[in-house]
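Trainee: I should like to learn how to read the features of a protein model in order. Might we begin with the terms and then turn to the case at hand?

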Amino acid sequence: MTPLLASVSSFSLQALRAARPVLWIRPESDAAPAAAPFTLADVKAAHDRFTRFAPLLAQLFPELQATAGVIESPLLDAPAMQQTLGLPASAGRLWVKADHALPVAGSIKARGGIHEVLEFTEKLALAQGLIAPGDDYLKLATPQARACFSQYQVAVGSTGNLGLSIGVIASALGFRAAVHMSADAKEWKKARLRARGVEVVEHPGDYEKAVAAGRRQVDADPKGYFVDDERSASLFLGYAAAALALRAQIDQAGIVVDAEHPLFVYLPCGVGGAPGGIAFGLSLIYGKHVHCFFAEPVQSPCFLLRMMAGYGQLPGVPVPPSVYDIDLTNQTEADGLAVPRASDLAYDAVGGLLAGVYTVADDTLYSDLARLHGSEGLRIEPSAAAGFSGPRHLLGSLQGQQWLRQRGLSAHLPRATHLAWTTGGLFVPAQEYDQFLSRGQRLAAAPAAHTDAPSLHHSRRA
């Protein structure tokens, strides 16, 4: 490790323990995980599964009829938000991948969660003779198919959005659906699930305890299927398939991604499966020209700790580490990101690919939520705002500027694309969103509204 990276990692750990926002840059090291366990063929297989099920999805969900069953979100140019954030044109151009508007589940979890239930459904239907290879999957909406599916339970442990995606698609197909939720899950998410006929099982404690309780219950059910956010390859590949759709959108928008046109992607991170899958898929497509950063709350930096542990920067801390091991609380308004320990599957897949991880204060999530609403008219939940701190960290911090110089990226910034991935918000009740917005507007108007890094208006140019 170079002296620079050593000093950065020391500062990162000190700041992490104090719950202060920090940017951590992945060092070049032999400690990086081995080659990822998946291939582009695996990602394409997930994409093709969505295609096979599209006619059935269009029948099950009226909101998908206009897209013939395709579940996708727009790629949006965000010039007003760019100006609001103080990101100058000389640093590139800001875009938003609007997964907060994904239909059916209303969040990024529509990708992985729906994919895994579809894969389970397909395997079961083939085994039971409900369909044959090449059949019309509309056969899976017949009374015979639904009677078969009703014998099986699909369950998941979740703080909210994954539970919504699993519960909605499983119940729509006719499965018995159960979502095990931690105490910090939002009441409106529980209510939305129950309205769909999904059993909501509440557990005291955090995300890990809800997952463990759900896993134990399903293990005792011979016809139970548990969607395991920490270990699921199917979830991961469902998220990774988003990269194929994004490539088509990038091409359609006329965006170039190459050595002179770098792509920076900022992804909110909980356990790591969703951002990990997307980062993995993008790396398969764009290689060294894409630079992915995960964003986590200051009290729940589980993936950052896993990265630091993997690179030998957490002496004396158990591996895999928990946020509790460094005396953090795992308490955050970003409920979908309130995870104490990262997925080892996600770490193994992308631990050697990520550019870095940064942390965000809750107040900043709210202020950026308000900025996005005021500038672009987009309506997101607090956790989905984590990506907008990425440019501030990268361009407004010493660590970010040094990394850009070391990678030879500084000269290419005017032609760069910055992509903030918004992850949830479509189904937030109006009254709750109004509370988010009011709090965010107050914080954004405060003199010290930028808390994650020096203001881009006054930062040194990289």
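Mentor: We begin with the elements: helices (H or I, at least four residues) and strands (E, at least two) are DSSP runs, numbered from the N terminus. With that convention, N330 is found in the loop between helix 12 and helix 13. The model is a predicted one, in which local features need pLDDT of at least 70 and side-chain atom pairs count only at pLDDT 80 or more, while totals for chains, interfaces and linings use all residues. Residues are numbered from 1 along each chain as its sequence is written, and side-chain values use heavy atoms, with hydrogens and water left out.

Trainee: What is the sign of phi in N330, and is N330 buried or exposed?

Mentor: Phi of N330 is near 60°, a positive value in a residue other than glycine. For accessibility, buried means under 20% relative accessible area, exposed over 50%, and partly exposed in between (1.4 Å probe, protein chains only). N330 has a relative accessible area of 2% and is therefore buried. Another non-glycine residue with positive phi is A19, at about 55°; A19 sits in the loop between helix 1 (3–17) and strand 1.

Trainee: Which residues does a cis peptide bond join?

Mentor: The bond joins V319 and P320, with omega about 0°. P320 belongs to the loop between helix 12 and helix 13 (344–350).

Trainee: How should one read a sheet, and what is the strand order here?

Mentor: Strands of a sheet pair through backbone hydrogen bonds, either parallel or antiparallel. Two strands are taken to pair if DSSP finds at least two bridges between them. In this model, seven strands form an open sheet in the order 1-10-9-8-11-3-2, and the pairing is mixed. Strand 1 (23–25) and strand 2 (75–77) are the edge strands, each pairing on one side only. On average, neighbouring strands of this sheet are turned by 25° against each other, direction ignored.

Trainee: In which sense do strand 8 and strand 9 pair?

Mentor: Strand 8 (residues 263–268) and strand 9 (residues 290–297) pair in the parallel sense, over six bridges. Within this pairing, V265 has C292 of strand 9 as its bridge partner.

Trainee: Which strands does helix 11 touch?

Mentor: Contact means heavy atoms within 4.5 Å. Axes are lines fitted to C-alpha atoms, for helices over the stretch in contact, and angles run from 0 to 180 degrees between N-to-C directions. Helix 11 (residues 273–286) packs on the sheet and touches strand 8, strand 9 and strand 11 (417–422), with its direction at about 170° to that of strand 9. Helix 12 (residues 302–310) lies across strand 1, strand 9 and strand 10 (356–360), at about 120° to strand 9. Nine of the nine residues of helix 12 are buried, and F303 is one of them. Just after helix 12, G312 takes a positive phi of about 70°.

Trainee: Which residues touch the most other members of the largest nonpolar core?

Mentor: A nonpolar core is a set of buried Ala, Val, Leu, Ile, Met, Phe, Trp, Tyr and Cys residues joined through side-chain atoms within 4.5 Å. The largest such core has 155 residues, of which F264, L282, F293, F303 and W421 touch the most other members. Helix 6 (residues 161–173) gives the most to this core, with eight residues. Leaving aside neighbours within four places in sequence, the contacts of F303 include C269, F294, E296 and Y347.

Trainee: How many aromatic pairs are there?

Mentor: Rings of Phe, Tyr and Trp (its six-membered ring) pair if their centres lie within 6.5 Å; planes under 30 degrees apart count as stacked, over 60 as edge-to-face and the rest as tilted. By this rule there are 14 aromatic pairs. The rings of F120 and F175 have centres 5.5 Å apart and planes at 40°, so this pair is tilted. F120 lies in helix 4 and F175 in the loop between helix 6 and strand 5 (176–182), so the pair ties together parts 55 residues apart in sequence. F120 counts as buried because its relative accessibility is 15%. F120, F149, Y152, F175 and Y225 form one aromatic cluster.

Trainee: Which residue does the modified-residue annotation cover?

Mentor: UniProt positions are given in the numbering used here, feature names are shortened, and annotations may be inferred rather than shown by experiment. The unreviewed UniProt entry carries the annotation "modified residue: N6-(pyridoxal phosphate)lysine" for K109. K109 lies in helix 4 (residues 109–127) and counts as buried, at 14% relative accessibility. Not counting residues up to four places away in sequence, K109 touches I114, N161, L162, S165, D229, Y239 and A274.
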